[in-house]
Amino acid sequence: MDTYLLQIFNGISVSSIFMLAALGLAITFGLMKIINMAHGEFIMIGAYAAYVIQNIFSQYLPASIFDFYFFIAIPASFLAAGIFGWVLERLVICHLYGRALDSILATWGVSLILQQLARSIFGAPNVDVKSPDWLNGALLIHPGLQLPYKRLFIMLMVIICMTAIYYLMYRSNYGRKIRAVMQNRAMAASLGINTRKIDAYTFAFGSGLAGIAGCALTLLGSIGPTLGTNYIVDTFMVVVLGGVGSLWGTIAGGFLIGTGNTTLEFLTDATLGKVLIFTLVIIFLQWRPKGLFTINSRSLDE
Amino acid sequence: MNMGLFAKMRKSASLAMTALFISSVFLSGCGNSQTSQSSGSSTDSKSTIKVGVLHSLSGTMAISEVSVKDAEMMAIDEINAKGGVLGKKLEVVTEDGASDPAVFAEKAKKLLQQDKVATVFGCWTSASRKAVLPVFESNNGLLWYPVQYEGMESSPNIFYTGAAPNQQIVPAVDWLLKNKGKKFFLIGSDYVFPRTANKIIKAELNAEGGQVVGEEYTPMGHTDYSTIINKIKEEKPDVVFNTLNGDSNVAFFKQLKDAGITSKDLITCSVSIAEEEVRGIGAENMTGQLVSWNYYQTTNTPENKTFVANYKARYGQDRVTDDPIEAAYDAVYLWAAAVEKAGSTDVDKVKEAAKGLEFKAPEGTVKIEGENQHLWKTVRIGEVQADGSIKEIWSTPDPVRPDPYLKTYDWAKGLSN
Amino acid sequence: MTTKTFFKTPANRIFFVIILLLLLAPLFLSVFRINLLGKFIAYAILALGIDLIWGYTGILSLGHGVFFGLGAYAMGMYLKMEAAHGRLPDFMSWSGLEKLPALWAPFSSPLSLALIIIIPAILAAIIGFLTFKNRIRGVYFSILSQALSLIFVILFIGQQAYTGGTNGLTGFRTMFGLPLAADNTKYLLYYAAIFFLVIVYLYCRFLVSHRLGKILMAIRDGENRVRFSGYNPAAYKIFVYVSSAVIAGIAGAIFVPQVGIISPAEMGIVPSIEMVIWVAIGGRGTLIGAVIGAILVNGLKSGISESFPEVWSYFLGLAFIIVVIFMPEGLIGLVKKYSTRIAWRVKKEKTAEKSPSIN
């Protein structure tokens, strides 16, 4: 019994990781229609930012406050990835609006450069980020059923990020502008919205979210130059399955792929689990090419 | 105005791009003509001996292979500082295998046919070794392979300076059975080494009264181990035998600790984790866990003290040495000794001279077994310490004879045909 | 297409010159370089197939490594059976198989080489039928094709007993009885590669210079308009996708005996996307650009990575960005631009000579 309960928890936990990793994509791909193949590398930037903050804490600050580094690391990851995103938008992405296929190739080039950059700065081997003490250990429901704090913490982060995005997009003036630009650029511009600025900030925001995901992933996995490549296909599948342009879609997509993957892995093995879940998603998309949550539109060529 | 600027930028960028292309074509052209000039003459008649170094310097395997390359370069420079081999300096041709077996095959061809090197030190993964093997055999080249591997191979053109299965896996399983328990859970990355290693382990456990309660493989780059850890919890094994590779180890050990399992609750024994990997995983995540190798940075020999000191002086105090690094270093010295003994760099003469050759390596004295061109090596089981070093807790009294096909083990019949 | 009209197109003239150079190359280069060039020719064939679907039809497949790999594995399995001399291939016995699996049985006969074409064709037909009928296109298709290549890589690695796992297939000895290590066999393979390059180029040129090619380009530029004009774009897309997959399979089969190995590393996401960049750098939608791009980029890769391995990633990354943003028509586009400019200038000078008294 415990095994199955724990397995359900694992499914939700993996889903939350996929959601967190895909949130940034839901913005850059979902809203801006830019296929950012360097999304994984923004996750990596976030992870390295956490590493740098950790090193600053352990070297320059008293040991007693080391455990709080994570509270600095989260915004630092957001900022680091966000700044990189802003620069990327200004230099590369701004030439690519409306050329979705070309954006795949250009951003793939960016990902190659960022990986090599990480290798030059931090070295090829993995680095270690010590997780803060208060995240070690597990919530003991009863002896057979322990829920690791780190996984619970990541779920909490997903909820916080989701709420933040919701308020920013649907309850703030800024979000209204973003949606206006994404829906009808020309109209928005003629009403006095600075679309260039909105584009850059939105892309930076999406990249920053990837950075937060990277910071969270330091709790569970390796931190190295190729960290991002492990997540790139999964996150795109999450967004596509959920339906491009829908925040709820990303949540649903992450949940289905996460729980589906862990369940299939539990029933078969890790290799077959991965193959089966991707095959199922591909088959599903044959049936509903636009994913679970579609936004109805009368335009033909999107 | 803006558009004009953009158009100008576009023009200059495309011009720069063309210039870059043309110049690099010329550059690579020049490089080719240089190597083809020197390829005509045989190595013996010149004042230097060309040796090849072939490792992944880019791609996923660069993580491990760069430090192995560093060890080989250090050994070569040390030998050159002492006057070289046969009175000639060694000249290194470095090639990048780019973590791609097909590129390894291409570069091996280049080293042997174009550069005509006397020997090659290189490779890490089984895939890269299998890819270059036909190249070395058909060109009668010489490869020194420095990594422990799955055995079942003994090419006349390869010297294996890492452990064969009977010098790492088999004794580790034997020791674990005697000291830790009978129920084994096998976990590995989905590729050739873990699958073959686990086949050997299963046969051994079968013969010696052990039991396999689970066997799991994960794709390369797998990042979530919660499901597998759950399966481990359900099966309650005495030992987890771990053949995971690379990044997966980090995720596995971090998540194992989070699930409330430390070395006190469940012992794991790993054969692909050395000092270098422990640093990426974080010593705090695997303190007390076991590994099996032939050498540790802490191995107590006078040769090792100098070796570690030199390595750190050369590449930085924060660097560590480990088993493959040491095996690569040994390979260079063994080849040099064989050449001195043969009085020639001719492959057949060197192979003949290498038989039974001994070398006082950092891990202790190693000897080349003439029959299968592997090394006699001491087996050591170590425990990961909180500071990331590995402490030896058990070792074989003497070096173990290499047996890549496990011919001397009754239970291994049928494994290798 | 007569010879006369063939040579009217500048691209075809350039192609003719390239073939001439390739044919003469063995006079100047060592057998090692020829072998390497043979590999690049296999890549050039592959690039032609990608240009057909991407350059002309606007379908960006990020999973073409799968078709290349399937063709290559079919050839590799045949060579492996020939090397095994009726015994079990070596890796199967390490993996615990005792007799030859049914999957491998056909490969003891040379007739099985037809599978190089048949397998990619069937797979592409199935995928194409499903996705194009269901109107999955653009970036959605690209992402799906990427997942497809991931699935195949995981499968090929996981089924070690049947595919050789990460090691792939290697250790080939002979092909139709000829030893692969011999210089003469290498020259033979090299000329065979050139032969196939010519055939595939002519096939692609034939396709794009006829009505079908116009429809493909129309699909690329406005699929719905094609549909409203009474054509069924799906049928055309399936056809061109299958063609491209078959070409990739042939390229894979040419690759294997020359390089001596095929492993899942050649069919994954990274090689798949690198294939696209060859075409982008050479110049998409021109065919000749694909050939030039594939040979040039791979030549540079060998050259640069020999001396500066770490520089290659930066170079390739920058090439991706610069080509896509600043020169979407690739090197061919650049040549075209400057050649027309020169032609225009020459013309202007001529007219200026004729009428000197304008002012």
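Colleague: How many residues of chain C are in contact with chain B?
Modeller: Keep in mind that this is a predicted model. On the other side of the contact, chain B brings 42 residues. Chain C's own count is 40 residues.

Colleague: Which element gives the largest share of the side of chain C that touches chain B?
Modeller: Elements giving two or more residues there include helix 3 (31-56), helix 7 (139-158) and helix 15 (309-326) of chain C. By class, that side has 17 nonpolar, 20 polar and 3 charged residues. The largest share, 7 residues, comes from helix 14 of chain C.

Colleague: Moving to chain B, how many residues of domain 2 are in contact with domain 1?
Modeller: Domain 1 covers 45-163 + 295-377, and domain 2 covers 166-294 + 378-412. Their centres, taken over C-alpha atoms, are 26 Å apart. Domain 1 puts 32 residues into the contact, and domain 2 of chain B puts in 29.

Colleague: And which element gives the most to the domain 1 side?
Modeller: Helix 2 (62-81), helix 12 (323-342), strand 12 and strand 13 of chain B each give two or more residues. That side divides into 11 nonpolar, 13 polar and 8 charged residues. With 4 residues, the top giver is strand 12 of chain B.

Colleague: Is B:Asn372 buried or exposed?
Modeller: B:Asn372 sits in the loop between strand 12 (364-368) and strand 13 (375-376) of chain B. Leaving aside neighbours within four places in sequence, B:Asn372 is in contact with B:Ser154, B:Pro402 and B:Pro404. The cut-off for that label is 20 or more other C-beta atoms within 10 Å. B:Asn372 has 22 such neighbours, so it counts as buried.

Notes:
Residues are numbered from 1 along each chain as its sequence is written. Chains are lettered from A and ligands numbered from 1 in the order in which they are written. This is a predicted model: local features need pLDDT of at least 70, side-chain atom pairs count only at pLDDT 80 or more; totals for chains, interfaces and linings use all residues. Two residues are in contact if their C-beta atoms, placed from the backbone, lie within 7 Å. Ala, Val, Leu, Ile, Met, Phe, Trp, Tyr, Cys and Pro count as nonpolar, Asp, Glu, Lys and Arg as charged, and the others, Gly among them, as polar. A residue is buried if 20 or more other C-beta atoms lie within 10 Å of its own, exposed if 12 or fewer, and partly exposed in between; C-beta atoms are placed from the backbone. Domain bounds come from an automatic or database domain assignment.
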